[in-house]
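Hi everyone, thanks for making time. Let me put the structure up on the screen, and then I'll walk you through a few parts of it.

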Amino acid sequence: MVVFKKPDSLTNAELSFCPGCTHGIITRLVAEAIDELGIQGTTIGVAPVGCSVMAYNFFDVDMAQAAHGRAPAVATGIKRSDPNNIVFTYQGDGDLAAIGTAETVHAAARGENITVIFVNNAIYGMTGGQMAPTSLPGMVTQTSPYGRDTEKVGLPVKVCELLSNVDGATYLERVAVNSVPNINKAKKAIYKAFKNQVEGKGFSLVEVLSTCPTNWGLPPAKALEWLGENMIPYYPLGVYKDKYAGEEAAK
Amino acid sequence: MSEKVLMKGNEAIAEAAIMAGCRHYFGYPITPQTEIAAYMAKRMPKIDGVFLQAESEIAAINMVIGVAATGKRVMTSSSSPGISLKSEGLSYLAGCDLPALVVNVQRGGPGLGGIQPSQSDYWQATKASGHGDFRRIVLAPASVQEMVSLTFKGFDLADKYRMTSMLLADGTIGQMMEPVSLDMGEVTQYDKSWALTGTGRQRKPNIVNSLFLKPEELEQTNFERYDRYAQIEKNEVMYEEYMMDDAEYCVVAFGIASRVSKNVINEARKKGIKVGLIRPITLWPFPKDALLKAADKCKAFVSVELSMGQMIDDIELSIRCKKPVLLCNRVGGMIPTPQDVMNAVEEAVKIGG
Ligand SMILES: Cc1ncc(C[n+]2csc(CCOP(=O)(O)OP(=O)(O)O)c2C)c(N)n1
Ligand code: SF4
């Protein structure tokens, strides 16, 4: 009996992430959700610019690669072309919360019936570790070598909190992938974000706190600890919005 | 014969797009092309189409990319400052080999410029529309009828060659009302087996992508694209010649400038000046051969433009600087008067001898 196998929605391509990077876990959770909902044949994904740019090789579904930050707009076009298809984006924090802030907020405001997987690793991974909109106060990066000076560059952007004030958004949850219990919660959230779309419920975003051992300068296990000790206190986990929560509870 | 209806230039574009099978429009308001969006907002919901006002021109062009990736006909329209914002998307459309129609109803620039007609985006449209090596089919209508026919043509060429077509219009023709025939015949269907439609678990995934990290692969995609461009330069050049048979002087003008020029040519002929007009309809591919041929018999050229002199570069290149080329231009929303053009023609006669 097979107890553990590669999800059908993943190709055989080798993931291009650094060893120990949690991007790989998140990629797998997305594929599992697609498998479990039986939507592989109708799903179309949008890859961002960032470490997950190669996502178009990882998922065994039709894929588009979008310009930096524009994935929600590209996804909007794909979804509007055929609303029967299930459309998701997979974006980093620079992509989604800096250069693509407008596209994110307005896709949410329109209540675009898409699923957004937002990987918050508090840094620009792909370009070698520059400060992200989500870098923590005091955090040392290539472009904040003396630590993020909040006097000069302000405080981090909290995406779930921000979008929870956007009426159009349906479902917002922040999860983390630093421990098995948290990964299980992340899996449920990602599944729900896709299920919402299948049920036509509108804009769902799951923010996943993730590690970047390479640019944090930490071994993978230490990076998981750092996430738990530093990121989770700043970015509290939980559901920030669930338009249909009452309805589901009533069932 | 098909019936003619009186239409405004901008609305004619919108209706022609719908007739060409376009059911998805994304835009952001900007003068002087907002009638296109307004028309689409009214019509699309009635024909199961999609009209969406995006949060910016950047978002609009990326929504266009999304629909184009699914293989359906899609368009956006804007005016000069908005087209600048679309540059990134235009480059991605090229890199992903996606068909789409982009309309630029030009206004004066640079910066916020003005809202009156202009042709000062010629360079941007034909050469500098985004980063990277790529071309775009650029169509320049000179009448409301051509707003219709070239919109239709633009969609067809875009599908045929998997690339973006741009309709490069100006505010004058956008606002002009003329009788038009909307009968453009059948829409040709092209193979779109590359489109993102969902695999249905029946085929390998389709991928729409412009990233190639291996230089030899990226080079190859450029080579392949330029092979297609060579076909276009060979097969798709469009221009109009007016009184060129015996012409000793040649005016070159497109769009609204060509209309002013035609009238002046009629007047100049009355004065005994043998002058004709070459009106490029495709600005890319540029009618290089027609101009080079004209250079053999014409003594001088006049480029009439609503810019500081942009197309004139292409004229000089096409005729390999064999003959003098004069510039007759107004900018900032001003249009060369018939007298301006007549003066330039008479100057050409003096220089050309
Ligand atoms: C318009 C544009 N600006 C900048 C870049 C360079 N760039 C590539 S990836 C990236 C940052 C990605 O960081 P993030 O979104 O946080 O994703 P991660 O790599 O951390 O997963 C940047 C700035 C680009 N490709 N395009
Ligand atoms: S650079 Fe960081 S985020 Fe990117 S793959 Fe490596 S560890 Fe992961």
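I'll start with a helix pair, and then turn to a ligand shell.

First, some housekeeping: this is a predicted model, where local features need pLDDT of at least 70, side-chain atom pairs count only at pLDDT 80 or more, and totals for chains, interfaces and linings use all residues. Residues are numbered from 1 along each chain as its sequence is written, chains are lettered from A and ligands numbered from 1 in the order in which they are written, and side-chain values use heavy atoms, leaving out hydrogens and water.

So, chain B. Helix H9 (residues 255-270) and helix H12 (residues 338-352) of chain B pack at about 55°, with axes 9 Å apart; helices here are DSSP runs of H or I, at least four residues, numbered from the N terminus. Axes are lines fitted to C-alpha atoms, for helices over the stretch in contact, and angles run from 0 to 180 degrees between N-to-C directions. That angle makes H9(B) oblique to H12(B), since under 35 degrees is roughly parallel, over 145 roughly antiparallel, 65 to 115 roughly perpendicular and the rest oblique.

Which residues in H9(B) meet H12(B)? They are Val260(B), Ser261(B), Val264(B), Glu267(B) and Ala268(B), and they meet Pro338(B), Val341(B) and Met342(B) in H12(B), with contact meaning heavy atoms within 4.5 Å.

Over to ligand 2. The residues around ligand 2, each with a heavy atom within 4 Å, include Cys18(A), His23(A), Cys51(A) and Asn121(A). Helix H9 (residues 213-216) of chain A gives the largest share of that shell, three residues.

Thanks, friends!

Note on methods:
Helix = DSSP H or I, 4+ residues; strand = E, 2+ residues; numbered from the N terminus.
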